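Let's take a guided walk through this structure together. Have the viewer open and keep the sequence at hand as you read.

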Amino acid sequence: MGERRAPYSRLLPRLLRLRRELAKFGTVGALGFLVNVAVFNLCINVLDLAPVRSGVAATAVAIATNYLGNRYWTYRHRDKRRMHREAGLFLLFSGIGMVIENGALAISHYGLDFTSPLADNIAKNVVGLGLATVFRFWSYRTWVFRDGAGGTGGSVSGRFLGLPAEEEGEDRRMLLK
């Protein structure tokens, strides 16, 4: 019975690390959110740009802010040997997130004809950004800011919980006994 508790006792520290990682990611994201909203509203109200064009500009500025925060704070302990590859993947997945975020704005503004400034902000900065944030967290953690061993773990559950492959294998063996 004592052997069965061992895998679970090792799981708690990993879940706490994941919680800290989510908190840091959320803090960086909150700063990016403020940048995103400020630039979006500046582009619409001061520069008089179209909503989706304003959204793309705002998201691009927020992406730069978020990369710096995630690389040098949230994931500073992750592998830095391939930063060119990392930056390319970050831009790729951020671009997909940009499409998700501004796609919600385009659907709301042009498809559903919700054209007020409040509707544009809700579509882009609440609905679109919420969906894009979930995608970005998963993709950055899984593909961009990888562990030094060349991966984030063994299986899908290992990658999600941050378990090294050998420890995950031990956990499975203990559970099967």
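What follows goes from the overall layout to helix packing, then to aromatic rings and a few single residues.

Before anything else, please keep in mind that this is a predicted model. In its secondary structure, the protein has six helices and zero strands. Following the chain along the sequence therefore gives the pattern α-α-α-α-α-α. Of the 177 residues in the protein, 40% are buried.

Let's turn to how some of these helices pack. Start with α2 and α3, whose axes come within 9 Å and cross at roughly 145 degrees. The handedness of this crossing of α2 and α3 is right-handed. If you sort the residues of the contact of α2 with α3 by character, you find 15 nonpolar, seven polar and three charged.

Next along the chain comes the pairing of helix α3, residues 83-111, with α4. Here the axes are 8 Å apart, and the packing angle is about 155 degrees. How should that angle be read? Angles over 145 degrees count as roughly antiparallel, and α3 and α4 are therefore roughly antiparallel to each other. The crossing in which α3 passes α4 is right-handed. The contact of α3 with α4 involves 18 nonpolar residues, along with seven polar and six charged ones.

Two residue pairs are worth picking out around these helices. Arg85 has its place in helix α3, and with a relative accessible area of 40% Arg85 is partly exposed. Along the chain, Arg85 and Val144 are 59 residues apart, yet their C-alpha atoms are separated by 8.1 Å. The second pair is Leu131 and Glu101, which are 30 residues apart in sequence and 7.1 Å apart in space, C-alpha to C-alpha. Leu131 belongs to helix α4. Is Leu131 buried or exposed? At 54% relative accessibility, Leu131 counts as exposed, because the cut-off for that class is over 50%.

Now for the aromatic rings. How many aromatic pairs are there? The count comes to six aromatic pairs. One of them joins Phe25 and Phe137, with 4.9 Å from centre to centre and 70 degrees between the planes. That pair is edge-to-face, because its plane angle is over 60 degrees. What does this pair tie together? Phe25 lies in helix α1 (residues 2-45) and Phe137 in helix α4 (residues 117-144), so the pair links parts that are 112 residues apart in sequence. Both Phe25 and Phe137 are buried. Zooming out a little, Phe25 and Phe137 belong to one aromatic cluster together with Tyr67, Phe90 and Tyr140.

Another ring to look at is that of Phe40, which is also found in helix α1. Which charged residue sits over the ring of Phe40? The answer is Lys124, whose charged end is 5.6 Å from the ring centre. Phe40 itself counts as buried, because its relative accessibility is 0% and the cut-off is under 20%. Phe40 also has a spatial relation to Asn125: the two are 85 residues apart along the chain, and their C-alpha atoms are separated by 9.2 Å.

Finally, let's visit two loops and their backbone angles. Asp48 is placed in the loop between α1 and α2, the latter being residues 51-74. Phi of Asp48 is near 60 degrees, a positive value in a residue other than glycine. With a relative accessible area of 66%, Asp48 is exposed. Asp113, in turn, lies in the loop between α3 and α4. For Asp113, phi is near 60 degrees, again a positive value in a residue other than glycine. Asp113 has a relative accessible area of 57% and is exposed.

Conventions
Residues are numbered from 1 along each chain as its sequence is written. This is a predicted model: local features need pLDDT of at least 70, side-chain atom pairs count only at pLDDT 80 or more; totals for chains, interfaces and linings use all residues. Side-chain values use heavy atoms; hydrogens and water are left out. Rings of Phe, Tyr and Trp (its six-membered ring) pair if their centres lie within 6.5 Å; planes under 30 degrees apart count as stacked, over 60 as edge-to-face and the rest as tilted. Helices (H or I, at least four residues) and strands (E, at least two) are DSSP runs, numbered from the N terminus. Buried means under 20% relative accessible area, exposed over 50%, partly exposed in between (1.4 Å probe, protein chains only). A charge sits over a ring if NZ of Lys or CZ of Arg is within 6 Å of the ring centre and within 35 degrees of the ring normal. Axes are lines fitted to C-alpha atoms, for helices over the stretch in contact, and angles run from 0 to 180 degrees between N-to-C directions. Angles under 35 degrees count as roughly parallel, over 145 as roughly antiparallel, 65 to 115 as roughly perpendicular and the rest as oblique. A crossing is left-handed if the near helix is turned anticlockwise from the far one by less than a right angle, and right-handed if clockwise. Ala, Val, Leu, Ile, Met, Phe, Trp, Tyr, Cys and Pro count as nonpolar, Asp, Glu, Lys and Arg as charged, and the others, Gly among them, as polar.
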